[in-house]
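Me: Please take a close look at the largest cavity of this structure. Which residues line the largest cavity?

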Amino acid sequence: MTRVPSSLGMGDFEFLRKYFELKVSFLSSRTDSYCITHIRQWQRFNYYLLCFVDCEDNFRPHYYLLDKHVVHRMRLTYMNGTPEANSNNHNVELRITIKKNSDDMKIIKKFNLLEDTSLDSMKKFLKKL
């Protein structure tokens with residue numbers, strides 16, 4: 001894997017000409033949810049690699065690999081401003097809060113390109129590229 005400079009707008013890392021945006025979130029025990037921020041859909045990458053760390057399960061990480069377009073199936077909101085204020089903006093950063101057993105989490109699980117949520121599954125995926 002190779003780190004991609006942020007100035008290129010192509011995600012965080014590259015592997016065999018595929019580009020990945022990495023998002024890490026720890027489970028909030030207060031809200032029972034994960035938070036993904038600074039979603040930049042205009043950038044030129046292929047996949048989101050989500051790492052959800054379950055603080056209730058000994059801080060076990062769960063990996064999800066999604067085609068970047070899957071996030072549009074979820075309930076995204078603006079990082080800043082109102083829908084009206086952002087109506088003419090093309091490059092608007094988005095965010096989402098995902099409850100552990102929500103419909104958005106079901107979408108993530110359904111469209112996960114990995115066999116399961118383990119790191120080994122991610123490694124297997126990369127070997128197949």
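Reply: The following account concerns the cavity and its lining.

This is a predicted model, in which local features need pLDDT of at least 70 and side-chain atom pairs count only at pLDDT 80 or more, while totals for chains, interfaces and linings use all residues. Residues are numbered from 1 along each chain as its sequence is written, and side-chain values use heavy atoms, with hydrogens and water left out.

The mean pLDDT (the predictor's confidence in each residue, from 0 to 100) of the protein chain is 94, and 100% of its residues reach 70 or more.

A cavity is a set of points, on a 1 Å grid over the protein atoms alone, where a 1.4 Å probe fits but cannot get out; lining residues have an atom within 4 Å of a point. The search of the whole structure finds one cavity of 30 Å³ or more. The volume of the largest cavity is about 50 Å³, a volume being the space filled by probe spheres set on the points, which are joined across faces, edges and corners.

The lining of the largest cavity consists of Ile36, Ile39, Tyr48, Leu50, Val71, Met74, Leu76 and Ile96. Two elements, β4 (33-39) and β5 (47-54), give two or more residues to this lining; strands are DSSP runs (E, at least two residues), numbered from the N terminus. By class, the lining holds eight nonpolar residues, no polar and no charged ones. Here Ala, Val, Leu, Ile, Met, Phe, Trp, Tyr, Cys and Pro count as nonpolar, Asp, Glu, Lys and Arg as charged, and the others, Gly among them, as polar.

Technical notes: On a 1 Å grid over the protein atoms alone, a cavity is a set of points where a 1.4 Å probe fits but cannot get out, and a pocket is an open set with protein on both sides within 12 Å along at least five of seven lines; lining residues have an atom within 4 Å of a point. Helices (H or I, at least four residues) and strands (E, at least two) are DSSP runs, numbered from the N terminus.
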